[in-house]
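Visitor: Could you show me how to read surface patches and pockets in a structure like this one?
Guide: Let us look at the model together.

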Amino acid sequence: DEISWMQENVKNLGIQGKELHSTFFIKNKNLYKHIKIHKIEASYTFDFEKHSGSCNISFEFTEFMTKEALDAELLISVNGIRFKNNESGITQSKIKETLLSQVEDSKLELYNKYSN
């Protein structure tokens, strides 16, 4: 009933912000069956070896939006890398590659765990 006004009027709704977890869309678990999330962007910090900083990681089902494909693959991209500490002079592209590798490993592990 809380979102019945959207039924015939809204097809896609984008929500952006820093405190989305406190909105009624996310707090009310009864609404989950009505929500299809196709993209999430989040900010992360990293700290390994002699490299630390922050980045944005995007998790997206691109074919879900373009083709409404329910079997769309999860695509992950790393953007906006900012170093806090980079003693070895490693490049942003190398850090991006390392971060993507770690996230991809977790993605495959979770896929295998929950796909059965």
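Guide: Ile26, Tyr32, Ile37 and Ile40 form a nonpolar patch on the surface, together offering about 350 Å² of accessible area. Patch members have over 30% relative accessible area and no salt bridge, with nonpolar side chains (Val, Leu, Ile, Met, Phe, Trp, Tyr) joined within 5 Å and like charges within 9 Å; a salt bridge puts a side-chain nitrogen of Lys or Arg within 4 Å of a carboxyl oxygen of Asp or Glu. Areas come from the Shrake-Rupley method with a 1.4 Å probe, and for residues only the protein chains shown count as cover. This is a predicted model, in which local features need pLDDT of at least 70 and side-chain atom pairs pLDDT 80 or more, whereas totals for chains, interfaces and linings use all residues. Residues are numbered from 1 along each chain as its sequence is written, and side-chain values use heavy atoms, without hydrogens and water.

Visitor: Why does Ile26 count as partly exposed?
Guide: Buried means under 20% relative accessible area, exposed over 50%, and partly exposed in between (1.4 Å probe, protein chains only). Ile26 is partly exposed because its relative accessibility is 32%, and Ile40 also counts as partly exposed, at 44%.

Visitor: Where does Ile40 lie?
Guide: Ile40 belongs to strand S1, strands being DSSP runs of E of at least two residues and helices runs of H or I of at least four, numbered from the N terminus. The C-alpha atom of Ile40 is 8.3 Å from that of Ile57, 17 residues apart along the chain.
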